[in-house]
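Please read these points with the sequence and the structure open. They go through charged pairs, nonpolar cores, one helix and one surface patch.

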Amino acid sequence: MFKSQIVTFAGVFLLIGIFAASSGWSFYGTSFLILIFLFAFFWYKKREKFYKGIALIFIFFALGFFYYHFFTNFFEVRTKVIFNQEIEFVGKVVSDPRFFENTQVFDLKLQESDQGTVVVLLPLSPKFEYGDQVKFNGKIERGVDRRTKPTVFFPDANLLQKHQGFWVKEKLLRFKAVQLAQFRRFLSRDQAALLAGETFGFRGDFTEELKSAMNLSGTTHIVALSGYNIAILVLAIQKTLTNFMSRKKRFWLIILVILLFLIMVGGEASVVRAALMGFLVLLAREAGRPYDVFRAIILAAVLMAILNPNILHYDVGFQLSFLSLLGLVYLEPVVSKFFKVQDKPPSFLSWRENGIIALSAQLAVAPIIIQNFNQFSLTSIFSNILILEVVPLAMFFGFLIGTLASIWSVLGFLAAKFTAVILAYQIWVIKFFAGIPWFIGGQFFPKFFLIGYYLILASSVFFYYYGKKKGTGFG
């Protein structure tokens with residue numbers, strides 16, 4: 001038990017070290033606070049071994065702190081981009097272009113070695129695709145901070161070659177484009193946009209009115225790809241192939257499908273986290289070992305932070321993804337106990353269960369949302385209670401529309417009619433709660449208040465698990 005706790009906490013404090021460095025915190029000041037915490041924790045848990053535990057964990061904190069500076073300095077020295085000068089440069093489109101009312105936006109990997117990736121904004125015509133090699137004449141401008149890539153605004157562009165990207169990703173993006181076209185063909189604009197967001201995380205078709213309504217109702221997260229997508233894929237494969245394929249073959253097929261889906265939809269933090277955790281669940285089952293949710297969360301976060309240490313401080317999507325997951329895993333039992341719903345029978349349409357889930361997730365992310373988006377919807381709990389139960393159903397029918405339409409358009413049309421009812425209900429809920437102006441606005445959380453808020457949440461979880469002498473999930 002003690003060794004497993006050391007390994008888990010080593011990962012936690014590696015992440016804390018990276019986050020502290022990226023946030024500009026003092027190494028010595030943060031170290032002092034961590035030492036106080038470690039002495040208190042290990043004295044309480046394992047008095048005879050706490051010196052060894054403190055030394056090991058503190059080493060990982062220092063490694064995380066210095067790894068961030070090594071990573072950023074190494075790549076800044078190697079990057080050879082010429083900024084703020086009119087130059088000619090060649091690059092390859094490495095993302096699925098996003099189309100807006102008057103512009104298209106995509107990531108461009110510069111052709112010369114070590115020049116990195118820039119964001120390009122262009123008019124809608126001519127349209128470019130993933131894998132296009134393009135020559136530009138324009139000015140590359142620095143990002144405003146480490147969270148933003150260098151940007152090129154409306155340069156002269158000329159297509160040199162097509163199909164220069166990874167052919168698997170190219171085929172997958174084309175498949176996604178076909179599915180989105182089927183949504184637009186059979187559904188209204190708002191319905192097609194909502195379904196595209198729920199199934200593929202595609203947000204290019206949203207009207208400003210619908211985006212505003214989702215922000216005000218606290219339902220934007222339903223179009224942010226998450227574990228829902230991975231879970232539906234895994235369950236569909238499991239149920240379909242149980243009688244036709246061995247467990248080992250299903251395992252490798254599911255891993256392949258997760259990887260292909262990840263390539264197709266892009267690398268948002270929530271999807272990468274869900275994919276990593278799905279992989280760890282399957283690997284644990286295949287190896288016959290118990291699956292520990294907290295260790296899986298930490299391992300997924302460590303892997304992502306090693307690849308890009310800026311993600312901890314600068315990527316709000318990453319923060320919301322992991323905090324909401326921790327809220328669902330660890331706050332949900334605490335909230336259930338507080339409202340005394342643990343021993344009650346299932347409610348009608350799972351309204352009580354969805355309410356607890358929504359409240360737990362919202363408590364975990366509320367300060368981050370307020371700080372970054374200047375408002376937090378107080379009606380989001382109720383809107384999520386009404387929407388969450390039908391999101392997986394809408395996603396299932398979304399995948400079904402494209403599949404059936406490719407066989408016979410009439411089948412796709414019929415599937416779309418069923419889906420339209422679900423989507424119309426979701427849109428009604430979104431707009432209804434958007435019209436109720438109950439929200440908290442303003443960036444009123446100072447840093448010490450933010451830390452205090454999460455310490456209170458962590459303490460409630462700690463006393464819930466340790467006070468009842470249960471397994472903690474931490475080791």
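The points below concern a predicted model.

1. Salt bridges across the structure. Eight salt bridges turn up when the whole structure is searched. Side chains of opposite charge can pair when their charged atoms come close. The next points take up some of these pairs.

2. Lys176 and Asp96. These two residues form a salt bridge, with 3.2 Å between the closest N and O atoms. Lys176 belongs to helix H4 (residues 167–186), and Asp96 sits in the loop between strand S1 (86–93) and strand S2 (98–99), so the pair ties together parts 80 residues apart in sequence. Is each partner buried or partly exposed? Lys176 has a relative accessible area of 5%, so it is buried. Asp96 has a relative accessibility of 28% and is therefore partly exposed.

3. Arg174 and Glu170. Helix H4 also holds a salt bridge within itself: Arg174 and Glu170 are both in H4, four residues apart, so about one helical turn separates them. Their side chains meet at 3.5 Å, N to O. Arg174 is partly exposed, at 42% relative accessible area. Glu170, by contrast, is buried, with a relative accessibility of 14%.

4. Asp205 and Arg184. The side chains of Asp205 and Arg184 form a salt bridge with an N to O distance of 2.7 Å. This pair links distant parts of the chain: Arg184 lies in helix H4, while Asp205 lies in the loop between helix H5 (189–200) and helix H6 (208–217), 21 residues apart. Arg184 is partly exposed, its relative accessibility being 41%. Elsewhere, Glu129, Asp132 and Lys162 are joined into one network by salt bridges that share partners.

5. The largest nonpolar core. How many residues does the largest nonpolar core have? It has 43, and those with the most contacts inside it are Phe13, Leu15, Phe61, Leu312, Phe318 and Phe322. Several helices supply at least two residues each, among them H1 (2–22), H2 (27–45), H3 (50–78), H12 (316–338) and H17 (447–467). H1 gives the largest share, nine residues. In soluble globular proteins, nonpolar side chains tend to be buried together.

6. A second core. Separate from the largest one is a core of 40 residues. Its members include Leu187, Ala415, Ile430 and Ala434.

7. Helix H5. Does the length of H5 agree with what its residue count predicts, and what is the expected span? At 1.5 Å a residue, its 12 residues should span 16 Å, and the end C-alpha atoms are 16 Å apart, which agrees. H5 is mostly covered, as 11 of its 12 residues are buried. The buried residues include nonpolar ones such as Leu194, Leu195 and Phe200, and also Asp190, Gln191 and Glu198. Just after the helix, Gly201 takes a positive phi of about 70°.

8. A nonpolar patch on the surface. Ile407, Trp408, Val410, Phe413 and Leu414 make up this patch, and together they have about 510 Å² of accessible area. Which helix gives the most to the patch? Helix H16 (residues 409–434) does, with three residues. Val410 is found in H16, and at 35% relative accessibility Val410 is partly exposed.

Terms used: Residues are numbered from 1 along each chain as its sequence is written. Side-chain values use heavy atoms; hydrogens and water are left out. A salt bridge is a side-chain nitrogen of Lys or Arg within 4 Å of a carboxyl oxygen of Asp or Glu. Buried means under 20% relative accessible area, exposed over 50%, partly exposed in between (1.4 Å probe, protein chains only). A nonpolar core is a set of buried Ala, Val, Leu, Ile, Met, Phe, Trp, Tyr and Cys residues joined through side-chain atoms within 4.5 Å. The expected span of a helix is 1.5 Å times one less than its number of residues. Patches are made of residues with over 30% relative accessible area and no salt bridge: like charges are joined within 9 Å, nonpolar side chains (Val, Leu, Ile, Met, Phe, Trp, Tyr) within 5 Å. Accessible areas come from the Shrake-Rupley method with a 1.4 Å probe; for residues, only the protein chains shown count as cover.
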